[in-house]
Amino acid sequence: MTLAYQVKNPYTQESIGQFHFSSKEEIANCFAILHEGREVQSKLRAFQRSDILRRLAGLLETHAESLASMITQETGKTIADSRIELTRAINTTIACSEEARQIQGEVLDSDAYAPARGKTGVVRYTPIGTVLCITPFNFPINIAMHKIGPAFAAGNRIIFKPAPINHGSAAKLVELCYEAGIPKEVLQLLVPDIDQMAGLVSHPDVNAVNFTGGHPAAEAIAAHAGYKKMLFELGGSDPLIVMPDADLEAAVNAAIQQRFATAGQRCTAAKRLFVHQDIYNEFRDSLLSASSELVVGDPAKEATFVGPLVNEQSAIQIQDVIDQSVKMGAHIVLGGQREGNIVFPTILENVTDDSPVMTEEVFGPVIPLREFASIDEIIPVINSSDYGLQAGVFTHDLRTINRLFDELDVGTLAVNDGPGFRAEHFPFGGVKNSGIGREGIKYAIREMSITKTLVL
């Protein structure tokens, strides 16, 4: 008998369910079912996959409130945030439905270069096979649809491995996928324990791994994956830059929404704030005033903006990062305290560039303020990070925008918005330890396909 996993509400600490990790026998049975799925999936035409995904979007809309409630219970995310996630997941699924009809190849003329050979190359994108989709706790439905949707649209078979705390919402999502028409031979849910994960990743019938999570887990996956295709989104230490000509109200709002929402547990959260010296005091005072009014507490209440972290270990880790940064000279101007799994919104000043709050991916509601005189000063600081996911800048100066876009080591620069900006159909991913490959529906489909050429 496999071990039982207890799922607890991060705010109340009450048990909300339990399940047994997938056994070796269940994993073997999963692959046997998916083996039949190759023929099943090959018989589904692009328009049929599109129609199934559109039905799934409708089912997600029908069940949005119950799924949002499940997310809040499992993760501690506020109910308002959970509802936003469901809206995004519906949009993601609609985009997958539309892109399923738009998978296109190209025709090449061999005579483009001498010697003339009189041949034509027909390039097509075909399914890669079985994709192992591994999702994190913080956006359990939307990130799942960013993996399941494109993988299915591309004609692949799918193993869905959610975070253990999301077993309930993941099972409900898979149930809705089946109801929409995704065959069971094409999609299977597995939640093995850590010991079984190595065998799952290295299994010869897994052709690609699509993972969102932390860098240490990615290292372990890569060590066992061999030559499989890997698509990794691994988080970041994303900067938000506020220039003298910025719309300060918009910049303050972006900082709060993109750092304190979801209790700071977002890979694209505005984790390092660089504020120009000319407007530093005004920005800081506005940020403090607005942040001090945020409602902290029960995530199930409509007014709550900051709920608990996912577990006590995470909360303790964030408290340690705050304490270490203070020992290195940082000054707490707001928050700094912890109550159980809740870390109150915290703002630090006088942070040093080598303090953990600046160098690590801090997955909690902590804003370090870093004053600067020119972008010459901060570009090397930003690029010194091991991460390079996204960045945001508030300015109307095209020269500044172009220089930051050219010189920052990131996958995306958002102008007059924070690094947390994401549109479901935009390419999404980073450089360095922030991952490899790109999500965003069209781009994810391409990542989970094989480029195949017919020469005529």
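Search this whole structure for enclosed space and you find two cavities of 30 Å³ or more. Keep in mind that this is a predicted model. Empty space shows up when a probe the size of a water molecule is rolled over the atoms.

The largest cavity holds about 50 Å³ of space. Its lining is made of Ser237, Asp238, Pro239, Arg272, Ile382, Asn383, Tyr387, Gly388, Leu389, Gln390, Asp409 and Val410. Two elements, α13 and β17 (387-388), each put at least two residues into that lining.

Helix α13 is worth a closer look. Running over residues 375-383, α13 has Ile375, Ile378, Ile379, Val381, Ile382 and Asn383 as its buried residues. So what covers the buried residues of α13? The cover includes β10 (239-242), β11 (272-276), β16 (366-372), α14 (398-407) and β20 (431-432).

Leucine 408 also meets this helix: setting aside neighbours within four places in sequence, leucine 408 is in contact with Ile241, Ile379, Ile382, Asn383, Ala391 and Leu413. Now to the cores. Leu408 is one of the residues with the most contacts inside the largest nonpolar core, a group of 56 residues. Also on that list are Ile241, Val242, Leu273, Phe283, Leu287 and Leu369. Helix α9 (residues 248-259) gives the most to this core, six residues. There is a second, separate core of 45 residues, and Leu60, Leu86, Ala144 and Ile445 are among them.

Next, the sheet. Six strands make an open sheet in the order β7-β6-β5-β8-β9-β21, and their pairing is mixed. At the edges sit β7 (187-189) and β21 (435-436), each paired on one side only. Further in, β5 and strand β8 (residues 208-212) pair in the parallel sense over four bridges. One of the partners there is asparagine 210 in β8, matched with cysteine 133.

Two helices go with these strands. Helix α6 packs on the sheet, while helix α8 lies across β5, β8 and β9. Here they are side by side:

| Helix | Residues | Strands it meets | Angle |
|---|---|---|---|
| α6 | 167-180 | β6 (157-161) and β7 | about 160° with β7 |
| α8 | 215-225 | β5, β8 and β9 (229-233) | about 180° to β9 |

Just after β5 comes threonine 135, in the loop between β5 (130-134) and α5 (142-153). Is threonine 135 buried or exposed? Its relative accessibility is 4%, so threonine 135 counts as buried. And which residues is threonine 135 in contact with, leaving aside its neighbours within four places in sequence? They are Ile143, Ala144, Lys147, Phe160, Lys161, Pro162, Ala163 and Thr212. One of these, Ala144, also belongs to the second core. As for alanine 28, 107 residues away along the chain, its C-alpha atom is separated from that of threonine 135 by 21 Å.

Finally, there is a pocket to look at. The second largest pocket contains about 720 Å³ of space. Its lining counts 33 residues, and the closest to the centre are Thr126, Pro127, Ile128, Ala154 and Gly155. The elements that give two or more residues to this lining are α1 (24-43), α2 (46-62), β4 (120-127) and β22 (449-455). Which element supplies the largest share of the lining of the second largest pocket? That would be α1, with seven residues.

Methods
Residues numbered from 1 in each chain as written. Predicted model: local features only at pLDDT ≥ 70, side-chain atom pairs only at ≥ 80, totals over all residues. Heavy atoms only, no water. Buried < 20%, exposed > 50% of the residue type's maximum accessible area, 1.4 Å probe, protein only. Contact = heavy atoms within 4.5 Å. Core = buried A, V, L, I, M, F, W, Y, C linked by side-chain atoms within 4.5 Å. Pairing = 2+ DSSP bridges. Axes fitted to C-alpha atoms, helices over the stretch in contact; angles between N-to-C directions. 1 Å grid on protein atoms, 1.4 Å probe; cavity = no way out; pocket = protein on both sides within 12 Å on 5 of 7 lines; lining within 4 Å. Points joined across faces, edges and corners; volume = space filled by probe spheres on them.
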